[in-house]
Amino acid sequence: MNIFKVFENDIRKLLDELAAEGQIPAGLDTARLTVEPPREAAHGDLSTNAAMILAKPAGKPPRALAELLVAKLKTRPDVASAEIAGPGFVNLRLSADVWRDRIRDVLTAGTAYGESTLGGKRPVNVEYVSANPTGPLHAAHGRGAVFGDALAALLEKAGYAVSREYYINDAGAQVDVLGRSTFLRYREALGEAIGEIPAGLYPGEYLKEVGQALAERDGSKWVGADEADWLPACRDFAIATIMAWIKEDLGVLGVRMDVYSSERALVKAGAVDTALKALEDRGLIYVGVLEPPKGKKPDDWEPRPQTLFKSTDFGDDVDRPLKKSDGSFTYFSNDIAYHYDKHRRGFDLQIDVWGADHGGYVKRMQAATTAITEGKASLDVKLCQLVHLMKNGEPVKMSKRAGTFVTLRDVIEEVGRDVVRFIMLTRRNDQTLDFDFAKVVEQSKDNPVFYVQYAHARCRSVLRHAATALPGADLSLAALAARTNLARLDSEEEMALAKRMATWPRLVESAAEAHEPHRVAFYLYDLASDFHALWNKGRDDTSLRFLIDGDEEVTVARLALVSAVATVIASGLAVMGVEPAEELRS
């Protein structure tokens, strides 16, 4: 249960009552009405802006309307107090039983706690990673992979029907360069001295593996052949090999795609022609000459007629070329066709996760998606900033295998999948992330991975000790939910934990709507902090310990609380794709 949504709906009903009583006009627009935690916890448990947003259309001063609402709210048995704050906000304190009942919700639902019907099973396509198949995945790809995967899981928990997709950029100049680079390494594998790698080709050591595998498969078949023959063979072999590596690396990271889409297959099927024809039929393509780009001197600029998309009609800065000077399609044309294809597959809610270096491409792609789908589809692009890899504050050297970067596999093998996934979500996607190999495995409060996992491990430790201390007692979630007297939970710290857990369903919905999975990591850190605070209090005050000799009822109530905390942590970690720790060893 999302207690905030419950009160939001109940306040709407109270407004209907006030309208029926003639106190306010009927039919007021309550779309902007919210119920959320107050900015300051000391102000109460819930706060609503109802009187503030409805005062003018209701024809009353905000505080006067707030007084009417407060009078209604004070009659509810679950409201301990209702007060007007500032110009007309209404702050509520709820009875302790409301928060105890949320503990029971957690125990009843298990890790499904927080699941929502918000999405209404609406199809949503989340496209992420989509690295060019020209080399192994690197750490920045890992950030996009984790972000996209966690966002997909978050949207599923919020009730959307999610499709995870990888777009293989296997058309264009970069894969031809890959083919030529592979051919060079193929000749090397056959014993030819190739010398220094020519400029413009990929120098990474990983292509030695590709060349060797091609030589083993085809022998000397391509030696002395024309480029028109060996280039497609080398290119296709390299793409298939590297995509197999990429899928394997994603599997090690815990990422499983539902769909792998091929750019080349899309072009071959005539999807680009179909998309551009649709734009042309709507009068959105013309032949024209663009103004010189910013920073170019007029004598450096050679204007020429180009086939252009009216991108400025849809919020872009300039109109965009659809064809190159040789008549072939631009990458932009292919990408228009790809997003049109997603729309035709039933995805009107599309989310793309890109690297920060693609920031200048966002407006044109959003404009094109709006245009090609006639406004039926929306595209949200989430840019993931760089990852700075360090060890004890010093930059990490490049991978020998990759040649120019540290591979994602290197990072996972160094610290483990769960650490990589958690740390990648400890900053907003649009903020640079510092990943220090030493700090991310440090056992301290400053390391959020350890701090959250330690809270779960402590919970599991308490429950293991309880099984020994209370032999024969049924401490399953179902039994705790059905038979525990939660009224025995009455300390400030216990109530703080209950209230924190009650906000999990709201956080799932708000984070899903904002497309911000990092909020889950922040939430789990706060929940872990509340739990560790109670644990530490119990070390000094024996009456707050979880296992109380001679008082089984309070012990079982506290075990219910501990089980609920472990369950909510596990629920959040599942969204992040992280396994909860049963125990931690130093």
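Which residues does Ser333 touch, not counting residues up to four places away in sequence? Select Ser333 and you'll find Val272, Leu276 and Leu322 in contact with it (contact means heavy atoms within 4.5 Å).

Before we move on, a word about what's on screen. This is a predicted model, where local features need pLDDT of at least 70 and side-chain atom pairs count only at pLDDT 80 or more, while totals for chains, interfaces and linings use all residues. Residues are numbered from 1 along each chain as its sequence is written, and side-chain values use heavy atoms, leaving out hydrogens and water.

Back to Ser333: its home is helix H11, residues 331–344 (helices are DSSP runs of H or I, at least four residues, and strands are runs of E, at least two, numbered from the N terminus). Ser333 is buried, because its relative accessibility is 0% (buried means under 20% relative accessible area, exposed over 50%, partly exposed in between, with a 1.4 Å probe and protein chains only).

Next, select helix H20, residues 552–576. Its end C-alpha atoms are 36 Å apart, which agrees with the expected 36 Å for 25 residues (1.5 Å times one less than the number of residues). Of those 25 residues, 22 are buried. Just after H20 comes Gly577, with a positive phi near 75°.

Now for the sheet: pick S8, S9 and S10, which lie in that order in an open, antiparallel sheet of 3 strands. S8 (285–288) and S10 (320–321) are the edges, each with a single partner strand, so one side of each has no neighbour in the sheet. Zoom in on Ile285 and you'll see Phe309 of S9 opposite.

Technical notes: Pairing = 2+ DSSP bridges.
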